[in-house]
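Visitor: I should like to be guided through a protein model. Please begin once it is in view.

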Amino acid sequence: MEYVLAAMFAAGGTLFVVLGYANFVAERRKRAEWAAVEGTVIDFSEQAGDKGKTLYAPIYRYTHDGLEYTATSKVASRPPDFRVGDPIAILVNPAQTNESDVAGGTGLLSAVMIGMGLLAIALGLLFGWAAYTGRLT
């Protein structure tokens, strides 16, 4: 049973490390290939968060290649990170200019995922070592 627990921690940790790294690589690629433009926060979309708390995702407007677009951020916070009228850094997909994303922010998510994965792998190795040496009873 102890070996199963060790394997589960190691496998789960490995999955977190791989997903965190993939997220990091995708974000770097997006920053390198997508166009950086400045948008303006025009409103907020209210979303349900944990424990019934309301989160606020900025709705922003930006112009690219002479066309104006409106989009809602995929990231929401409480309290809002912006105020209506604030400038906001946007990345725009040059191949599909109606596809955009708020610049920045996911580096922390990637780091947290990788850190949690490494911790889970370490716990899995610790459980495996303790089971192997008989120190886990």
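Visitor: In strand 5, which residue is the bridge partner of Leu91?

Guide: Strands here are DSSP runs of E with at least two residues, numbered from the N terminus. Strand 4 pairs with strand 5, residues 100–102, in the antiparallel sense over 3 bridges; two strands pair if DSSP finds at least two bridges between them. Within strand 5, the bridge partner of Leu91 is Asp101.

Visitor: How far may these details be relied upon, and how are residues counted?

Guide: This is a predicted model, in which local features need pLDDT of at least 70 and side-chain atom pairs count only at pLDDT 80 or more, while totals for chains, interfaces and linings use all residues. Residues are numbered from 1 along each chain as its sequence is written, and side-chain values use heavy atoms, leaving out hydrogens and water.

Visitor: Which residue of strand 4 stands opposite Val37?

Guide: Strand 1 and strand 4 run antiparallel and are joined by 6 bridges. Opposite Val37, in strand 4, stands Ile90.

Visitor: Is Ser73 buried or exposed?

Guide: Ser73 lies in the loop between strand 3 and strand 4. Ser73 touches Ala57, Pro58, Tyr60 and Val102, not counting residues up to four places away in sequence; contact means heavy atoms within 4.5 Å. Buried means under 20% relative accessible area, exposed over 50%, and partly exposed in between, using a 1.4 Å probe and protein chains only. Because its relative accessible area is 8%, Ser73 is buried.

Notes: Helix = DSSP H or I, 4+ residues; strand = E, 2+ residues; numbered from the N terminus.
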